[in-house]
Amino acid sequence: VDTGDAFIHASDELQQDVDVILLALEWDPVIIEDIDEVFYENLDVMYKAIYMDAENFEYLVEELQTDKDVAKKCVSLNCDVYDYLCDKLKEDREIIETAIQNGYLLSGFLHGTEIYKEIYADKELIALAIERNGGNELCFASNDIIESGKIAEKAITKGLSKIEGLNKERRYDKKTVKAVFANMSDESIARKTAVNVMGLP
């Protein structure tokens, strides 16, 4: 099986072979549509399919989709699975933490449930997001967290390059502003920020 297309031309016997299915999924995760539905209950197969493409979570049998341990494992394999979880699991702090730990950006929670307000006010989750995904995650934090010296400093060391991640006092601290501008990779953005946000020439 060098491509997913090869799978649909295989014999019925081979299409029931888990090793063949796993290999085919690695080459083309879309073949999830072509495998026998009995394998939608097979976690080895589904974990592979979900690792390759988060959308494949929707093929997992409903009973397993709502199982917290299974959902957590899926999110750890592919953080974008979070978008496909039921509201109850989306609000589970352990799953939220797992998603962030595996690369899910705080901006994604804006499209989820009302839980995002609690997430943006949670110091531990904000610190984790900054550590894992970079300093600009600070921009989604609540005002109380942005005011926090330690977390803001951590964000700067992790590449904060957006002025909106600083409180008003820090925006006029030379050392802090210099560090943030140094993190801006695009000079034109830095210049525009200086003029429009900072009011600098």
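**Entry 1: aromatic rings**

I began with the rings, and I found that ring pairs link Tyr82, Tyr104 and Phe109 into a cluster. For this I used the rule that rings of Phe, Tyr and Trp (its six-membered ring) pair if their centres lie within 6.5 Å, with planes under 30 degrees apart called stacked, those over 60 edge-to-face and the rest tilted. I noted that this is a predicted model, in which local features need pLDDT of at least 70 and side-chain atom pairs count only at pLDDT 80 or more, while totals for chains, interfaces and linings use all residues. I also noted that residues are numbered from 1 along each chain as its sequence is written, and that side-chain values use heavy atoms, with hydrogens and water left out.

By the ring rule I arrive at a count of six aromatic pairs. The ring centres of Tyr104 and Phe109 are 5.0 Å apart and their planes stand at 65°, so I recorded this pair as edge-to-face. Both Tyr104 and Phe109 are buried, where buried means under 20% relative accessible area, exposed means over 50%, and partly exposed lies in between (1.4 Å probe, protein chains only).

**Entry 2: the chain as a whole**

I then looked up the make-up of the protein chain, which has 14 helices and zero strands. Here helices (H or I, at least four residues) and strands (E, at least two) are DSSP runs, numbered from the N terminus. Of the 201 residues in the protein chain, 42% are buried.

As one buried example I chose Ile21, which lies in helix α3 (residues 18-27) and has a relative accessible area of 0%. Its C-alpha atom is 7.7 Å from that of Phe7, although the two residues are 14 apart along the chain.

**Entry 3: salt bridges**

How many salt bridges does the structure hold? I recorded 10 salt bridges, each being a side-chain nitrogen of Lys or Arg within 4 Å of a carboxyl oxygen of Asp or Glu.

One of them joins Asp92 to Lys68, with the closest N and O atoms 3.1 Å apart. Asp92 lies in the loop between α7 (87-90) and α8, and Lys68 in helix α6, so this pair ties together parts that are 24 residues apart in sequence. Asp92 is buried at 18% relative accessible area, whereas Lys68 is partly exposed at 30%.

Next I turned to Arg93, which is placed in helix α8 (residues 93-101) and is partly exposed at 33% relative accessibility. Arg93 forms a salt bridge with Glu97, the closest N and O atoms being 3.2 Å apart, and because these residues are four apart in helix α8, about one helical turn separates them.

Arg93 also forms a salt bridge with Asp122, where the closest N and O atoms are 3.0 Å apart. This pair links distant parts of the chain, since Asp122 sits in the loop between α9 (116-120) and α10 (123-133), 29 residues from Arg93. Asp122 is buried, with a relative accessible area of 18%. I also wrote down that salt bridges with shared partners join Lys68, Lys72, Asp92 and Glu94 into one network.
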